[in-house]
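Trainee: I should like to go through the assignments for this model one at a time. For each, I shall ask what justifies the term that is used.

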Amino acid sequence: MSNAAVIPFATTLLVRDTCLCLHAQRAARALARRFDAALKPVGLTNGQFSLLMSLNRPEPPPMGPVANLLAMDRTTLTAALKPLEKRGLLSIEADPKDKRGKRLRLTPQGVAVLASAVPIWTRTHGEVEAQIESGDANRLRRDLMDLG
């Protein structure tokens, strides 16, 4: 006879129906698939779009703030940068203020791809917001930012 704990099936149903983490993960995956499909014609994933958009600044940002914005560690960011750098969409440059640091710069080709992606993002984002049953996308955004 096993001494293993028994978890009632009712607990499984409770977690399935109420777990904020589960529902956030499911929603995030569904949104990611939707934006991936929408952005495919310009050759970007939703993550690549967000990464490139995070570089669209007056001055090339250092890696640290970009990683923080995207909720990534630096190793994950470095891996995400490589295919975009290989495609010529961004460059990784030495930081003139700190030779150990790196700055991330959109290339002209990166700006062009991002510019072609923005209308797709705008349309898709509008469609997603229209599906929010409460009609209060700003409330959802605030709630999500409070958790992040």
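Mentor: Let us begin with helix packing, bearing in mind that this is a predicted model. Helix 2 (residues 20–39) packs with helix 6 (residues 108–130) at an angle of about 145°, and their axes are 10 Å apart.

Trainee: Why are an angle and a distance quoted for two packed helices?

Mentor: Because two packed helices are described by the angle between their axes and the distance between the axes. In this model, the crossing of helix 2 past helix 6 is right-handed.

Trainee: Which residues make the contact between helix 2 and helix 6?

Mentor: Helix 2 contributes Leu31, Arg34, Phe35, Ala38 and Leu39. From helix 6 come Ala117, Ile120, Trp121, Thr124, His125, Glu127 and Val128. Sorted by class, the contact of helix 2 with helix 6 has 8 nonpolar, 2 polar and 2 charged residues.

Trainee: How many aromatic pairs does a search of the whole structure find?

Mentor: The search finds 1 aromatic pair. The rings belong to Phe49 and Trp121.

Trainee: What makes the rings of Phe49 and Trp121 a pair, and what is the arrangement of their planes called?

Mentor: Rings pair if their centres lie within 6.5 Å, and the centres of Phe49 and Trp121 are 6.2 Å apart. Planes under 30 degrees apart count as stacked; those of Phe49 and Trp121 are at 15°, so the pair is stacked.

Trainee: Which parts does the pair of Phe49 and Trp121 tie together?

Mentor: Phe49 lies in helix 3 (residues 46–54) and Trp121 in helix 6, so the pair ties together parts that are 72 residues apart in sequence.

Trainee: Are Phe49 and Trp121 buried or exposed?

Mentor: Buried means under 20% relative accessible area. Phe49 has 6% relative accessibility, so Phe49 counts as buried. Trp121 has a relative accessible area of 31%, which lies between the cut-offs of 20% and 50%, so Trp121 is partly exposed.

Trainee: Where is Leu114, and why is Leu114 called buried?

Mentor: Leu114 is in helix 6. Its relative accessibility is 4%, under the 20% cut-off, so Leu114 counts as buried. Not counting residues up to four places away in sequence, Leu114 touches Phe49, Leu52, Met53, Asn56 and Leu106. Leu114 and Val42 are 72 residues apart along the chain, and their C-alpha atoms are separated by 8.6 Å.

Trainee: Where is Asn56 placed, and how do you know whether Asn56 is buried or exposed?

Mentor: Asn56 is in the loop between helix 3 and helix 4 (63–69). Its relative accessible area is 48%; exposed means over 50% and buried under 20%, so Asn56 is partly exposed. Leaving aside neighbours within four places in sequence, Asn56 is in contact with Leu106 and Leu114. Asn56 and Val128 are 72 residues apart in sequence and 24 Å apart in space, C-alpha to C-alpha.

Trainee: What makes strand 1 and strand 2 paired strands?

Mentor: Two strands pair if at least two bridges are found between them. Strand 1 (residues 90–95) and strand 2 (residues 98–106) have 6 bridges in the antiparallel sense, so they pair. The two strands form a hairpin with 2 residues between them. Ile92 stands opposite Leu104 in strand 2, and the bridge partner of Ser91 is Arg105.

Trainee: How do you know whether Leu90 is buried or exposed?

Mentor: Leu90, which lies in strand 1, has 2% relative accessibility; this is under 20%, so Leu90 counts as buried. Leaving aside neighbours within four places in sequence, its contacts include Leu51, Leu55, Leu81, Glu85 and Thr107. Leu90 is 15 residues from Arg105 in sequence and 5.4 Å from it in space, C-alpha to C-alpha.

Trainee: What is notable about the phi of Ala71, and why is Ala71 called exposed?

Mentor: Most residues other than glycine have a negative phi. Ala71 is not a glycine, yet its phi is positive, about 55°. Ala71 lies in the loop between helix 4 and helix 5 (74–86). With a relative accessible area of 75%, over the 50% cut-off, Ala71 is therefore exposed.

Trainee: Why is Met72 called partly exposed?

Mentor: Met72, also found in the loop between helix 4 and helix 5, has a relative accessible area of 26%; this falls between 20% and 50%, so Met72 is partly exposed. Not counting residues up to four places away in sequence, Met72 touches Ala67, Leu77 and Ala80.

Terms used. Residues are numbered from 1 along each chain as its sequence is written. This is a predicted model: local features need pLDDT of at least 70, side-chain atom pairs count only at pLDDT 80 or more; totals for chains, interfaces and linings use all residues. Side-chain values use heavy atoms; hydrogens and water are left out. Axes are lines fitted to C-alpha atoms, for helices over the stretch in contact, and angles run from 0 to 180 degrees between N-to-C directions. Helices (H or I, at least four residues) and strands (E, at least two) are DSSP runs, numbered from the N terminus. A crossing is left-handed if the near helix is turned anticlockwise from the far one by less than a right angle, and right-handed if clockwise. Contact means heavy atoms within 4.5 Å. Ala, Val, Leu, Ile, Met, Phe, Trp, Tyr, Cys and Pro count as nonpolar, Asp, Glu, Lys and Arg as charged, and the others, Gly among them, as polar. Buried means under 20% relative accessible area, exposed over 50%, partly exposed in between (1.4 Å probe, protein chains only). Rings of Phe, Tyr and Trp (its six-membered ring) pair if their centres lie within 6.5 Å; planes under 30 degrees apart count as stacked, over 60 as edge-to-face and the rest as tilted.
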